[in-house]
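User: Please take a close look at a single part of this structure, and place that part within the whole chain for a reader who is new to it.

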Amino acid sequence: MIIYIDDLLIFSKNFEEHKKHITNVLQRLLEHQLYAKSEKCEFSMEELEFLGFRIGREGLKMDPAKVKAVQDWPRPTKVLEVQQFIGFVQYVRRFIKNFSQIATPLTNLIKGSQMFSWSEREQHVFDQLKKVVCAQPVLQLPAFSKPFEIHTDASDFAYGSVLMQDGHPIAYESKKFSAIESRWPTHEKEMMAIVYALRKWRHYVQDKFTRVVTDNISLQYFLTQPRLSAKQMRWQDMLAEFDLEIVHKKSKLHTLHDALSRLPHMLHISVISAQGWIDEVRQAQTEDAEMRELITKVMNGSITHGMYKLRDGLLWSADKIVIPNNISLKAKILRELHDCHMVGHGGQKRTLKAVKKLFVWPRMEHEITDYIRSCQVCQAVKARRGKALGLLQQMPVPSRPWDVISMDFIIDLPSSKGFCVLMLIVDFFSKQADDSVGTWLNN
């Protein structure tokens with residue numbers, strides 16, 4: 001039985017057991033002179049509304065009345081209306097996977113420092129949230145006699161987690177990084193996702209063995225790590241309260257939606273927003289003659305070593321998208337993975353590593369190097385990595401002719417008696433070149 005203030009929820013495995021449970025509860029209430037009105041009671045229900053949710057045999061889902069309200073929600077025209085929509089949707093965020101990542105463009109609108117501007121991007125996220133909410137996802141009710149499992153992941157700007165049991169989700173949770181947290185290294189962002197999930201679901205997992213699954217391999221050694229920063233020591237003290245095991249599970253990008261959704265600029269929109277990229281890459285592959293020939297060979301089975309695969313109508317190579325010789329498409333990819341504010345104009349190695357995770361094309365390293373060298377922001381902001389140049393010093397003012405002279409070589413002259421280099425000496429005082437000191441030098 002679950003009790004919330006004056007609401008009593010009695011649940012059982014079968015009808016015969018349910019009648020005994022109801023009899024026991026009503027008898028106990030009668031003993032203490034507590035009464036319930038019959039018109040406010042419902043008995044032998046297979047599905048009912050409780051605390052704003054629908055509970056039934058399948059699990060926990062949203063109230064259809066609230067889903068209908070979201071479906072008919074008009075487009076916001078000012079910041080207050082965006083706040084109202086976000087506030088209501090957050091009420092059911094436990095049903096929505098990666099809620100913070102999807103809703104980021106809308107939450108950015110309610111910041112005090114940003115002007116209200118509604119574009120196609122915000123409209124797409126607004127429609128996507130309404131679609132996700134109206135899909136009526138079902139969550140399983142937790143069984144406290146069984147162990148729990150928490151899956152966590154972090155991106156450049158948000159982290160999320162899923163509470164699971166027997167392979168079924170019980171709750172979703174996600175949160176944006178603050179401005180300071182977004183500058184943390186990757187392993188600390190991944191660790192923050194674990195810490196946040198444990199704090200959020202402490203009432204579920206504190207007294208039970210819990211398996212935490214992450215795709216960061218270094219975190220499985222966090223509990224036994226000898227050297228820790230002050231922040232990591234606080235995390236380790238908090239983790240000591242739980243009986244948990246951190247397990248690494250390798251994650252791969254299996255579809256173009258997964259790959260492109262991890263682009264920094266695309267991550268804070270949604271996975272579906274990568275559809276434009278899909279169409280552009282597919283069109284570029286079909287317009288390239290060499291790519292069409294390669295796709296034909298893969299379809300005919302003439303390429304048997306398995307390096308190339310066709311998936312979603314696109315050509316892949318070892319789980320990476322093959323990019324044709326399309327200058328505009330390559331430039332767009334490099335802008336997303338180098339110029340984007342979420343990346344912050346990374347260096348050559350960092351940008352190359354990010355591009356190699358998702359794409360492959362010939363001479364990639366040379367093209368990335370040329371692109372970064374021509375980046376105006378990097379040229380203006382970043383310091384030179386070479387040795388420091390000498391300080392400029394003013395030449396002494398000559399007081400008489402031939403007191404200070406300059407010397408220069410003129411090379412690649414037509415050969416004359418075996419000589420092709422001329423040394424030219426000029427007087428700083430009179431700007432005169434003396435023929436008497438002009439000399440032909442051997443090459």
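Analyst: Of the 443 residues in the protein chain, 37% count as buried, meaning under 20% relative accessible area with a 1.4 Å probe and protein chains only. This is a predicted model, in which local features need pLDDT of at least 70 and side-chain atom pairs count only at pLDDT 80 or more, while totals for chains, interfaces and linings use all residues. Residues are numbered from 1 along each chain as its sequence is written, and side-chain values use heavy atoms, with hydrogens and water left out.

The protein chain has 16 helices and 17 strands, taken as DSSP runs (helices H or I, at least four residues; strands E, at least two) and numbered from the N terminus.

The part chosen here is Q285, a residue of helix α11, which covers residues 275-287. Q285 counts as buried because its relative accessibility is 1%. Leaving aside residues up to four places away in sequence, Q285 touches M291, R292, I295, G313, L314, L315, I321, V322 and P324; contact here means heavy atoms within 4.5 Å. With L315 there is also a polar link: a polar atom of the Q285 side chain lies 3.0 Å from the backbone nitrogen of L315. A polar contact is a pair of N or O atoms within 3.5 Å; within protein, one must be able to donate a hydrogen and the other to accept it, and residues adjacent in sequence count only if both atoms are side-chain atoms.

Across the protein chain, 57% of the contacts with a separation of 6 or more involve residues 24 or more positions apart.

Technical notes: Buried < 20%, exposed > 50% of the residue type's maximum accessible area, 1.4 Å probe, protein only.
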